[in-house]
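This report walks through selected features of one protein model. Please keep the sequence and the 3D view at hand while reading.

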Amino acid sequence: MPSLNLAIQKSGRLSGDSISLLKRCGLNFDSPEGRLIVPCNDFPLNLLMVRDDDIPSYVSRGASDLGIAGLNVIEEARLSGLAPEMTILRKLGFGRCRLSIAVPNAFNWEGVSSLQGLRIATSYPSSLENYLRRQDIRAEIVPMTGSVEIAPGMGMADAVCDLVSSGATLRSNGLTEVLTVYESEAVLIGRSSCKETDRLLLRIDGVLKAQHSRYIMMNSSRSAIETIRSIAPGLSQPTVMPLAGDSGRVAIHMVSSENIFWETLEKLKAAGAEDILVLPIEKIMM
């Protein structure tokens, strides 16, 4: 059986989370450290450990069947014409950040029109150019491969366009985030589907769905069942079982499609639920 190739970041902010996701999907690998190709021990899949900027090209050119990369990397490759042949198969929910424009703290920001005529340093020139064109803004784009935040302080630019997560790096360099170009997160990309791709997607879907779902067990009166269902929406109909020795009360087991917060527990209690247990779920297959 031919193996799938899956290109992932060999080092950096998405590497560990990508491998963690695959392991939660039941895939086992030897240590990828220092290796370019890492075969899976129990699934027809090879990991290709590459630079994140190269992942769209690997997939688009058919060297890899699948890839995990930031949406920012995918968008930049698409807009620059380097990787047109690929499809986003799944958003993976980690590596969340945003491509934003920031200006020096002392800058008199009055909206997007303030960018007119500025020099803007960025590692994402195609994304920035596309944004400025849509906003009918003429500005000089200063391409940089790293350390974009220091450009205004060095006199190389008037503003920056860079990835932001917490914003701490911008603040430490005397910059203020003023607008977001787009939101980003890790995504799974591919070109075409096959049986093994579908198997892998089924596992990924099960892990992602389980992340925010909870298994809830509680006892209540029969009359409270519908109210309880409305408070904690389930992925399917709840399991309702009579309690031994009490014909008017039941045990309710359900998989909630949402995180269960203390406020939800308080509402369940007020609706008549007792002995409430909330358990995490490792994986779900619908």
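## Exposure, contacts and a pocket

A139 has a relative accessibility of 26%, so A139 counts as partly exposed. This model is predicted. A139 sits in the loop between α4 (125–134) and β8. Between the C-alpha atoms of A139 and S221 there is a separation of 67 Å, and the two residues are 82 residues apart along the chain.

The loop between α4 and β8 also holds D136. D136 is exposed, because its relative accessible area is 64%, and exposed means over 50%.

### Backbone angles

Most residues other than glycine have a negative phi. D136 is not a glycine, yet D136 has a positive phi of about 55°. D275, also not a glycine, has a positive phi of about 50°. The place of D275 is strand β15, which covers residues 274–280. With a relative accessible area of 57%, D275 is exposed.

### Salt bridges

Side chains of opposite charge can pair when their charged atoms come close. Nine salt bridges are found in a search of the whole structure. The table lists three pairs, including the distance between their N and O atoms.

| Acidic residue | Basic residue | N to O distance |
|---|---|---|
| D205 | R90 | 2.7 Å |
| E177 | R98 | 2.7 Å |
| D158 | R119 | 3.2 Å |

Which parts of the chain does the salt bridge between D205 and R90 tie together? In the salt bridge of D205 with R90, D205 belongs to helix α6 and R90 to strand β5 (residues 87–91), so the pair ties together parts that are 115 residues apart in sequence. D205 counts as partly exposed because its relative accessibility is 25%. R90 is likewise classed as partly exposed, at 27% relative accessibility.

The salt bridge between E177 and R98 links distant parts of the chain, with E177 in strand β10 (residues 175–184) and R98 in strand β6 (residues 97–104), 79 residues apart. The relative accessible area of E177 is 28%, so E177 is partly exposed.

In the salt bridge between D158 and R119, D158 lies in the loop between β8 and β9, while R119 lies in strand β7 (residues 119–122), so this pair ties together parts that are 39 residues apart in sequence. D158 has a relative accessible area of 24% and is therefore partly exposed. R119 is partly exposed as well, at 27%.

Salt bridges can also form a network: R51, D53 and D54 are linked in this way.

### A nonpolar patch on the surface

The loop between β8 (140–143) and β9 (159–164) is also where I150 is found. I150 has a relative accessibility of 40%, so I150 counts as partly exposed. Together with M154 and M156, I150 makes a nonpolar surface patch of about 300 Å².

### A buried serine

Is S213 buried or exposed? S213 counts as buried because its relative accessibility is 2%, and the cut-off for buried is under 20%. S213 lies in the loop between α6 (195–211) and β12 (214–221). A polar atom of the S213 side chain is 3.5 Å from the backbone oxygen of S256.

### The largest pocket

Rolling a probe the size of a water molecule over the atoms shows where empty space is left. How much space lies in the largest pocket? The largest pocket holds about 540 Å³ of space. Its lining has 25 residues, and the closest to the centre of the pocket are D52, D53, V73, S123 and Y124. Two or more lining residues come from each of α2 (55–60), α3 (71–79) and β9. Of the elements, α3 gives the most to the lining, with four residues.

Two residues named above appear again in this picture. D53, one of the residues closest to the centre of the largest pocket, is also part of the salt-bridge network with R51 and D54. D158, whose side chain forms a salt bridge with R119, lies in the loop between β8 and β9, where I150 is found too.

Note on methods: Residues numbered from 1 in each chain as written. Predicted model: local features only at pLDDT ≥ 70, side-chain atom pairs only at ≥ 80, totals over all residues. Heavy atoms only, no water. Buried < 20%, exposed > 50% of the residue type's maximum accessible area, 1.4 Å probe, protein only. Polar contact = N/O pair within 3.5 Å; in protein donor to acceptor, adjacent residues only side chain to side chain. Patch = residues over 30% accessible without salt bridge, like charges linked within 9 Å, V, L, I, M, F, W, Y side chains within 5 Å. Areas by Shrake-Rupley, 256 points an atom, 1.4 Å probe, with all protein chains shown as cover. Salt bridge = Lys/Arg side-chain N within 4 Å of Asp/Glu carboxyl O. 1 Å grid on protein atoms, 1.4 Å probe; cavity = no way out; pocket = protein on both sides within 12 Å on 5 of 7 lines; lining within 4 Å. Points joined across faces, edges and corners; volume = space filled by probe spheres on them.
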